[in-house]
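Me: I've got a structure open and a list of things to ask. Can we go through it together?
Reply: Sure, go ahead.

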Amino acid sequence: MASKRLRKLYSATACMGAIALALGALATPVVGQEREGGYPSRPLPPENAPNVMVILTDDVGFAAGTSFGGAVPTPVLDALAEQGVRYNNYNNTAMCSPTRAALLTGRNSHSVGFGVISEEASPNPGYTSVIPESAATFAQVLSAAGYDTAMLGKHHNAPLWEDTPVGPFDHWPNALGFDYFYGFMGGATNQFAPALYENRNAVEIPQDRPDYILDTDLADHAIEWINMQRAIHADAPFLMYYAPGSAHSPHQAPPEWIAKFKGQFDGGWDELREQSFARQKELGVIPADAELTPRPAEIPAWSSLSADEKLVAARMMEVFAAQLAYSDNQIGRIFDQLKANGQFDNTLIIYIQGDNGGSLEGSPLGTIDEVARGKNAMPDNLQDQLDHLEDFGTRYSWNNYPAGWAWATNTPFQWGKAIASHLGGVRNGMVVSWPGRLAEQGGVRQQFAHVTDIAPTIFEAAGVTAPATFRGVEQMPIAGTSLVYTFEDPQAAERHESQYFELRDNRAFYEDGWLASTTPRVLPWDKESPPPTGTPLNWELYNLREDYSQSHDIAASNPEKLAELQAAYEVAAGLYNVGLPDDAATGERPFLNKDQTRFVFRNSDRRYSRYSFPSVMNRAWTLEATIEVIDGDSDGAIVAQGSRLCGWGLLIENGIPVFRYNASIEDRDRTVIAGPQALSPGEHKITVHFDYDEGAGRGAGADVRLEVDGREVASGRIARTPGYLFVSEGGASIGRDYGTTLSDSYESPFIYPGTIESVVLDFAR
């Protein structure tokens, strides 16, 4: 017998009239009462419309914090859960960009171009990283309905080629419906030296604040915006989307918070998982008959680690715990301000603890430099980690903990981030608070919920209707189902009856409690090495009504049910642009400068983003800087890209021209090529010839020659280079070195005091 979902999908494809009928509920325009008068004005919001606050943390597993049985104290979320409700069956897409696209639009991630993260986009339907105009975001809809809107934190839903200071800005937060944006673009940034934007303008953090950290800065700006909105437009409700980078790598936190967790994880991840499982049952956030899934063979037992490995691993978990706890603390400051303003009780708060499961990307050993290990094929080893032990959690690290900790924070489920076929990747804790509108306080909701449900939930709570057309563009159907029905009836039958999952060819299909899943073929720390084309998929089957944790594969005894769900998956894949051809490639992305070979830069206090500055990786190039040296102190950066962890630059240090190249954080990957003497006052032309080992592939070495006024003054050899990625925190700058500088021989901002006539980067060869 064909599944209910399969019958629905075939019916939908066979009869467009049925689709039109289903869209009837969406035909009403966005609610908005126009004021009368001669001047145009914003629509009035629906009567008694609540404020809405959506909070989405990053890479936090289901059992990381105490709200869902974990060990990391999250008292702010705990308190919210006690006066709200917890959802223990909320699911996402297993990775950040797809989850955030589905959250914002209420559509499936592939329908809006985000079958993968933006960095992995390809010119294939479902994977372009371009949210279409036919999928208006909840911010756009609420703004049109009279809401003031703000977004703070991580925006990972703009195509890479839009991340430039001159646009295009079509998918930046302001263009997606947010009146105000303060945060960062892309997947991650350094908490101590972030690459920030306010609306569309790059901003630099204050250099005179040694205690600066991004989580505090985001909370400060959120509070400031809320206060301004209440002062200026008190009769209008607001929408705030708050998406901190915590606790995505790099794991970083104030040192005094890291110190609070010293020794708390010395028992290891196997012990932590057992303890969390027991707490989950005590709290009632998982069923009493739930089973704890076993540790995968690919993750080592804690007891098998050496003393040094345990020392390093425990320290990494201490840092992660400090980051998550501190982020929760700062969110509490925002709640305190809502209460001070008398707005807390009139605010629907949807606090989602994680955009996917805990990150397995740190590998079984963890890493001090995830960019080098995960992207540039420069893995660190245990001795490296021991040497950098005191750097963990500071600005001079890009920590990601061992996969065992991610697995433990995903208790009781299998696997974690990027494994869309298993609950450890897609199941996160969610708390909803709406004083006076919930049937109980401190309850648990067990209905299946999906990230696509958030937008329709907001619409129903706000009293607006998703429009059939928006700004003249016909809208695709909302895929999710409002969860408002669960607010007043804890036992209501679930309405989101079926859902597909797919990411990096890990697949699953859910229907009425059944879940068909593919066995993971590529582990997150080996994602650059996919299986050969044609490698068959192995499917598993679970009855989640009886097996909450996805612990018993019953495919062998239920072949008909498995076949039914596999067929339903294929129909869903066809409807929602799911799946890549075997020969899929990224293609040539439409960067503004993709055909340019010569770049002329001028001195500026504005930072160039990673994707607006030309890529110097895997190619030969020449840099020519024309400068004027002044009498006295003439030290400063002429050009700098990246940071201490990974970057390069031409600088004047002690009056001497110096070329620095950091392939990774390790001393073995740092090259310094310096002239023999200080430059005399006056005009000089400094040239760097970077002769890459042509034909050697990505990440090869290079010979470097340094010239002053046409005469070679120094040369050197760089053994290997980053083949895929420079860290995002530094961007590139002319005339200064910001943030986490290229070297500890000078401090940020390292600003050149003389004149920089031009800096010319030439790839003509």
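Me: Start with Cys646. Is Cys646 buried or exposed?
Reply: Buried. Cys646 has a relative accessibility of 2%, and the cut-off for buried is under 20%. Keep in mind that this is a predicted model.

Me: Which cysteine sulfur is closest to the sulfur of Cys646?
Reply: That of Cys96. The two sulfurs are 20 Å apart, which is too far for a bond.

Me: Remind me, what is a disulfide?
Reply: A covalent bond that links the sulfur atoms of two cysteines.

Me: How many disulfides does the count come to?
Reply: Zero. Cys96 is in no disulfide, with the sulfur of Cys646 as its nearest cysteine sulfur.

Me: And Cys96, buried or exposed?
Reply: Buried, because its relative accessibility is 2% and buried means under 20%.

Me: New topic: sheets. What is the strand order in the open sheet of six strands?
Reply: The order is E18-E28-E19-E24-E25-E26. The pairing is antiparallel.

Me: Which strands stand at the edges there?
Reply: Strand E18 (598-601) and strand E26 (711-718). Each has a single partner strand, so one side of each has no neighbour in the sheet.

Me: What does the twist average in that sheet?
Reply: From one strand to the next, the twist averages 15 degrees.

Me: Zoom in on E19 and E28. How many bridges join them?
Reply: Seven. E19 covers residues 621-629 and E28 covers residues 755-762, and the two run antiparallel.

Me: Which residue in E28 does Glu624 stand opposite?
Reply: Val760.

Me: What about the open sheet of five strands, how is it ordered?
Reply: E23-E22-E21-E20-E27, with antiparallel pairing. Its edge strands are E23 (670-674) and E27 (732-734), and each pairs on one side only. Neighbouring strands in this sheet are turned by 15 degrees against each other on average, direction ignored.

Me: How many bridges are there between E20 and E21?
Reply: Six. Strand E20 is residues 636-642, strand E21 is residues 647-653, and they pair in the antiparallel sense. Across that pair, Ala637 stands opposite Leu651 in E21.

Me: OK, switch to Ile458. Where is Ile458 found?
Reply: In helix H14, which spans residues 454-462.

Me: Is Ile458 buried or exposed?
Reply: Buried. Its relative accessibility is 0%, and anything under 20% counts as buried.

Me: What does Ile458 touch?
Reply: Leaving out residues up to four places away in sequence, Ile458 touches Val52, Val54, Phe138, Leu142 and Ile350.

Me: How far apart are Ile458 and Glu628 in space?
Reply: 58 Å, C-alpha to C-alpha. In sequence they are 170 residues apart.

Me: Last topic: empty space. How does anyone find where it is left?
Reply: By rolling a probe the size of a water molecule over the atoms.

Me: So how many cavities of 30 Å³ or more are there?
Reply: The count comes to nine. The largest has a volume of about 610 Å³.

Me: Which residues are closest to the centre of the largest cavity?
Reply: Glu119, Gly187, Ala188, Arg610 and Leu725. They belong to a lining of 39 residues.

Me: Which elements give two or more residues to that lining?
Reply: Strand E4 (180-185) and helix H10 (370-375). The largest share comes from H10, with five residues.

Definitions and conventions:
Residues are numbered from 1 along each chain as its sequence is written. This is a predicted model: local features need pLDDT of at least 70, side-chain atom pairs count only at pLDDT 80 or more; totals for chains, interfaces and linings use all residues. Side-chain values use heavy atoms; hydrogens and water are left out. Helices (H or I, at least four residues) and strands (E, at least two) are DSSP runs, numbered from the N terminus. Buried means under 20% relative accessible area, exposed over 50%, partly exposed in between (1.4 Å probe, protein chains only). Contact means heavy atoms within 4.5 Å. Two strands pair if DSSP finds at least two bridges between them. Axes are lines fitted to C-alpha atoms, for helices over the stretch in contact, and angles run from 0 to 180 degrees between N-to-C directions. A disulfide is a pair of cysteine sulfur atoms within 2.5 Å. On a 1 Å grid over the protein atoms alone, a cavity is a set of points where a 1.4 Å probe fits but cannot get out, and a pocket is an open set with protein on both sides within 12 Å along at least five of seven lines; lining residues have an atom within 4 Å of a point. Grid points are joined across faces, edges and corners, and a volume is the space filled by probe spheres set on the points.
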